[in-house]
Amino acid sequence: MRYTVIGAGAMGLRYGILLQEHTDAHVDFIDAWAPHIDKIREQGGVYVSRDHENRRLIPINLYTPEEYDGDPDVWIIFMKQMQLEDMLKRCAHLFKDHQVAFSAMNGWGHFEKISQYFSEDRIYGGTALVATVLNGPGDVDFIGKSGAGTMHMCAMTNEVTDIEKAIFADFQKANLNPEISDDFKGMCMAKIVFNSVVNTLCTMYQITMGQFISYPGARDMAMQLINEAYDACERAGIKLINTRAEELESVDYVSRTGNPLHYPSMYQDMSRGRKTEVDYINGYIARIGREHDYVCRTHEFLTHGVHLAELAFQYH
Ligand code: NAD
């Protein structure tokens with residue numbers, strides 16, 4: 001199988017390098033961030049650590065969209081939501097009818113953009129409960145020991161196809177711990193609600209996931225956000241793959257036990273002066289509510305809250 005990763009950032013490197021190391025797949029990477037590309041070329045690969053340890057240099061095949069002429073079976077797409085439209089435009093000349101696209105980006109917005117280049121039956125979504133940090137150009141940390149993290153995957157059509165089974169088998173070998181879901185929207189929304197609690201509150205208050213869940217009122221805050229999101233989804237006819245109680249336990253378990261020392265990726269963006277994905281997470285939940293005559297007051301407030309935190313961070 002041939003995979004090409006669009007977006008050799010934290011998660012693109014994690015998926016691509018694990019596939020390159022643990023399967024017989026051929027893996028290429030496409031990226032557009034010049035300091036990152038220059039650094040990787042200068043040092044002859046990417047420095048990869050596991051939980052800040054065992055830092056080692058791993059060579060990768062890295063191209064800009066304009067340099068690349070490969071023809072993969074599967075595109076793995078891991079950009080930030082705000083970057084995706086431009087990147088897909090730059091890669092458009094490479095997309096062919098026999099190829100499929102897989103993306104486990106956070107939030108909602110990427111599938112609408114990917115759908116402009118791939119028909120619905122060739123799009124696979126995922127949700128990744130895993131933490132990865134791009135320390136800087138050419139340097140990534142896969143948080144968690146080997147085998148850490150879990151993910152769900154599902155075809156946009158909800159049907160399990162042969163190519164999905166082949167991707168699943170490779171993801172299994174790569175220790176990504178995949179599980180196939182049969183409900184695309186319910187799967188994506190469950191992760192969006194998770195992120196709307198953990199990513200958002202940790203980012204606003206500049207704390208790790210463990211610090212958040214150690215606050216005695218954290219579960220109440222989480223439940224309020226979960227209830228509001230589920231109420232909006234019910235009005236929109238969206239059934240999530242987790243119950244409300246399961247969603248709360250997932251927030252608790254991942255924050256307390258899974259990645260307690262981790263600052264979610266939205267915090268990492270804010271702390272580097274980048275825009276966060278909040279409009280595609282809490283903002284998207286609020287949009288579902290508005291479209292169905294229900295105002296998600298807390299999610300609307302928190303969408304502003306994170307934008308205000310982005311602004312405040314620049315004054316520090
Ligand atoms: P990332 O920011 O590390 O990389 C995405 C792209 O941005 C890459 O092309 C990268 O080269 C580029 N980039 C990185 N830093 C930059 C900078 N300072 N200026 C300009 N460009 C820069 O993103 P990611 O963490 O891999 O996330 C990709 C998607 O996966 C997002 O939707 C994210 O929410 C989701 N996700 C992330 C994690 C995580 O732990 N990192 C976990 C699950 C899901």
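**Ligand site between two domains**

Domain 1 (2-182) and domain 2 (186-315) both give residues to the shell around the ligand, so the ligand lies between them. The model is predicted. The space that the ligand takes up is the largest pocket.

**Shell around the ligand**
- The ligand has 22 residues around it.
- Among these residues, M11, D31, K80, R274 and E277 come nearest.
- Sorted by class, the shell holds ten nonpolar residues, seven polar ones and five charged ones.

**Polar contacts**
- The backbone takes part at A10, where a polar backbone atom is 2.9 Å from an oxygen atom of the ligand.
- Q83 uses its side chain: an N or O atom there is 3.0 Å from a ligand oxygen.
- N106 also uses its side chain, with a polar atom 2.9 Å from an oxygen atom of the ligand.

**Cover and contributing elements**
- On its own, the ligand has 810 Å² of accessible area, and the protein covers 89% of this.
- Two elements, α1 (10-22) and β9 (132-136), each give two or more residues to the shell around the ligand.

Note on methods. Residues are numbered from 1 along each chain as its sequence is written. This is a predicted model: local features need pLDDT of at least 70, side-chain atom pairs count only at pLDDT 80 or more; totals for chains, interfaces and linings use all residues. Side-chain values use heavy atoms; hydrogens and water are left out. A residue is near a molecule or strand if one of its heavy atoms lies within 4 Å of it. A polar contact is a pair of N or O atoms within 3.5 Å; within protein, one must be able to donate a hydrogen and the other to accept it, and residues adjacent in sequence count only if both atoms are side-chain atoms. Accessible areas come from the Shrake-Rupley method with a 1.4 Å probe; for residues, only the protein chains shown count as cover. On a 1 Å grid over the protein atoms alone, a cavity is a set of points where a 1.4 Å probe fits but cannot get out, and a pocket is an open set with protein on both sides within 12 Å along at least five of seven lines; lining residues have an atom within 4 Å of a point. A molecule sits in a cavity or pocket if more than half of its atoms lie within 2 Å of its grid points. Helices (H or I, at least four residues) and strands (E, at least two) are DSSP runs, numbered from the N terminus. Ala, Val, Leu, Ile, Met, Phe, Trp, Tyr, Cys and Pro count as nonpolar, Asp, Glu, Lys and Arg as charged, and the others, Gly among them, as polar. Domain bounds come from an automatic or database domain assignment.
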